[in-house]
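Student: Could you take me slowly through the way the strands pair up in this one? I'd like one connected tour rather than a list.

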Amino acid sequence: MSSINNSETFYDAIVIGAGFSGIQQLHFLRDKLGLKTLLLEAGEAVGGTWYWNRYPGARCDSESHTYCFYFSEQILKEWSWSQKYPGQEEILSYLNFVTDKLELRPNILFRTRVAEMNYFQSQNRWVVKSTKGEKFSASYVISAVGCLSSANSPNIKGRDNFQGELYHTGQWPHEKVDFKNKKVAVIGTGSSGIQAVPLIAKSAKELTVFQRTPNFSVPARNADLSKEFLSQFKSKTSYYREKMKAARHGHPWQAPDISVRETLSTEREEILEEAWSKGGLRFRESFGDTLTDLESNKLMSDFIKRKILEIVKDPNKAKILSNFDHPFGTKRPALDTDYFETFNKKNVNLIDIRQDPIQEITNVGLETESQKFDFDMIIFATGFDALTGSLLKMEIIGEGGRRLADDWKDGPRTYLGLQVAGFPNFFIVTGPGSPSVLTNMPQAIDQNVSWITDCISYMKENNFSKIEPKKEFMSDWMEQVQKAVEGTLFPIAKHSWYLGANIPGKPQVFMPYVGGLNQYRKICDDVAATGYNGFQFST
Ligand code: NAP
């Protein structure tokens, strides 16, 4: 176990991770509260998810003018997005622009992965240790490690024997990957696979997609942003800010209060056709009961299925792609550019691995139960150990030597997603039990970071030096998180990463709060307004 000694550098606060959350949290603690703050980042540069996910086609599904920081009017006005959906390179440039604008680099230590952190009760301080053995000490530690940052590379038999190129979309190399004249395999058809497949198919000699579960996808209809749009957006930032705050998902729109199944079929078809032609996440918000009424959801699912059958010419491929096993939206649906169309190309094959499971990776390719394939390259688009993966990769030891990994062995437990009993002064941005991945992330991040900053400010004003949640409030919040999901169709999707079901052995608990970011914001504001009800402070 680490011990406090004189060789450590002392800080007021340590932030872990330099993605959207870490950048905003460092800025707020340093510049609003004047705290001596250090940000530790494993990568060589800022960006978080947008630093690591460089696969072809990586792009955000939130519209660019909403997928950004709203805390600075100046930054909102100075930065101009080029397209409706921002691509990975542009988001990375944006995060570098903000980091430079706020002069944050002197407070960031790159190439520093946190291995362990220990809370020392006698000094009321955390000691954070990197994988290289450096130690840093602070009163507060804020995890900003992200919800989808711990890559899941399935342990398929023979994986290490493969002699060709092997990649994971979430750990994509910085160098250009060339697909020309190559036989390529993509395993996985979540958002990452669905974005990468059409681009890989353009230059690969042959592309074989291995699909386990058919995924819903709606056309993104990406387009360049006009000067007129950008100037109206910049003149109306408060309008967008308020719209996003009012919505359950943090996007600047709301689903109308109409039911899919109670709408006349001709009218329903018109609404859905129009939404499909406009594309984007708004398609899901065409009606108000898509995620709560099974019959309504089936009508939406059937519409998407019909679209796939229309687009994909080979009936066998069309069937594999549209043989859905879960209601639309209960696993994260994707946005795509020509995903289904790509299966009409001669060089693109599709294997249903539910029917013909992968047996092993060989030195030259891959074998399913009934076929042998030769590949030059295998790409895992197999997702992440979501929400808890990156947190639990760090050994987090709280009061009295308790390990977070032990406390969470049956699933994560937090109060409001923000704190855990027994781990004083440790905060989590977009932690399990908060709306996080069900929202437009920068908006959820802004709410969490602002709340944490206000809370620390309140502690300073009141001379409190220690905060942690009361156990009974944490249990009550966990019940509220489960109750919120019971009123929806989410539990029907048994194989979802929202539940942790994609990781063998992971406890299956629905992790995000589905009650809506607007409702969650109100709950957090009420807690703060009542002197942080449910938290205990000491001096
Ligand atoms: P994902 O949604 O978890 O998809 C992983 C895919 O790999 C699924 O098709 C999964 O099948 C398959 N898979 C997992 N383990 C497998 C195994 N052992 N053998 C065969 N197939 C396996 O991961 P992702 O596509 O990286 O996306 C994760 C999340 O990141 C998204 O849901 C989204 O929230 C975010 N994301 C967003 C964007 C964007 O905004 N455009 C882009 C990329 C990612 P099953 O479905 O059967 O598990």
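Tutor: In this predicted model, strand β1, residues 9–16, runs parallel to strand β6, residues 135–143, and seven bridges join the two. If you want a spot to click on, take Tyr11, whose bridge partner in β6 is Ala138. β1 also pairs with strand β2, residues 37–40, again in the parallel sense, this time over four bridges. Here Val15 is a handy marker, since its bridge partner in β2 is Leu39. So as you trace any of these pairings, keep in mind that side chains in a regular strand alternate between the two faces of the sheet.

Now slide along to the five-stranded sheet. It's an open one, its pairing is parallel, and its strands go in the order β7-β16-β8-β9-β12. At the edges sit β7 (165–168) and β12 (348–352), each with a pairing on one side only. Going from one strand to the next, the twist averages 15 degrees.

Let's zoom in on the β12 end. Strand β9 covers residues 206–211, and its parallel pairing with β12 runs over five bridges. You can find the register by looking at Gln211, which stands opposite Asp352 in β12. Two helices are worth turning on at this point. Helix α5, residues 191–203, packs on the sheet and touches β8 (183–187), β9, β12 and β16 (377–380). The direction of α5 makes about 160 degrees with that of β9. Helix α10, residues 315–322, packs on the sheet too, with contacts to β9 and β12. Its direction makes about 50 degrees with that of β12.

Hang on to α5 for a moment, as it takes us over to the ligand. α5 gives the most to the shell around the ligand, namely three residues. Of the 24 residues around the ligand, the ones that come nearest are Arg59, Asp61, Ser192, Thr213 and Lys331. Sorted by class, the shell has nine nonpolar, nine polar and six charged residues.

For the individual polar pairs, try Ser191: one of its polar backbone atoms is 3.0 Å from an oxygen atom of the ligand. Then look at Ser192, where an N or O atom in the side chain is 2.6 Å from a ligand oxygen. Trp497 joins in through its side chain as well, with an N or O atom 3.3 Å from an oxygen atom of the ligand. As for how covered the ligand is, it exposes 900 Å² when taken alone, and the protein buries 88% of that.

Back to strands, then, for the three-stranded sheet. This one is open as well, but its pairing is antiparallel and its order is β13-β14-β15. β13 (358–361) and β15 (372–374) are the edge strands, each pairing on one side only. The twist here averages 20 degrees from one strand to the next.

You can follow the chain through this sheet by its turns. A hairpin of three residues takes you from β13 to β14. Those two strands run antiparallel and are joined by three bridges. Ile361 is the residue to pick out, as it stands opposite Leu366 in β14. Next, β14 and β15 form a hairpin, with three residues between them. Strand β14, residues 365–368, is joined to β15 by three bridges, and the two run antiparallel. For the register, Gly365 has Asp374 as its bridge partner in β15, while the bridge partner of Glu367 there is Lys372.

Methods
Residues numbered from 1 in each chain as written. Predicted model: local features only at pLDDT ≥ 70, side-chain atom pairs only at ≥ 80, totals over all residues. Heavy atoms only, no water. Pairing = 2+ DSSP bridges. Axes fitted to C-alpha atoms, helices over the stretch in contact; angles between N-to-C directions. Contact = heavy atoms within 4.5 Å. Near = heavy atom within 4 Å. Polar contact = N/O pair within 3.5 Å; in protein donor to acceptor, adjacent residues only side chain to side chain. Areas by Shrake-Rupley, 256 points an atom, 1.4 Å probe, with all protein chains shown as cover. Nonpolar A, V, L, I, M, F, W, Y, C, P; charged D, E, K, R; others polar.
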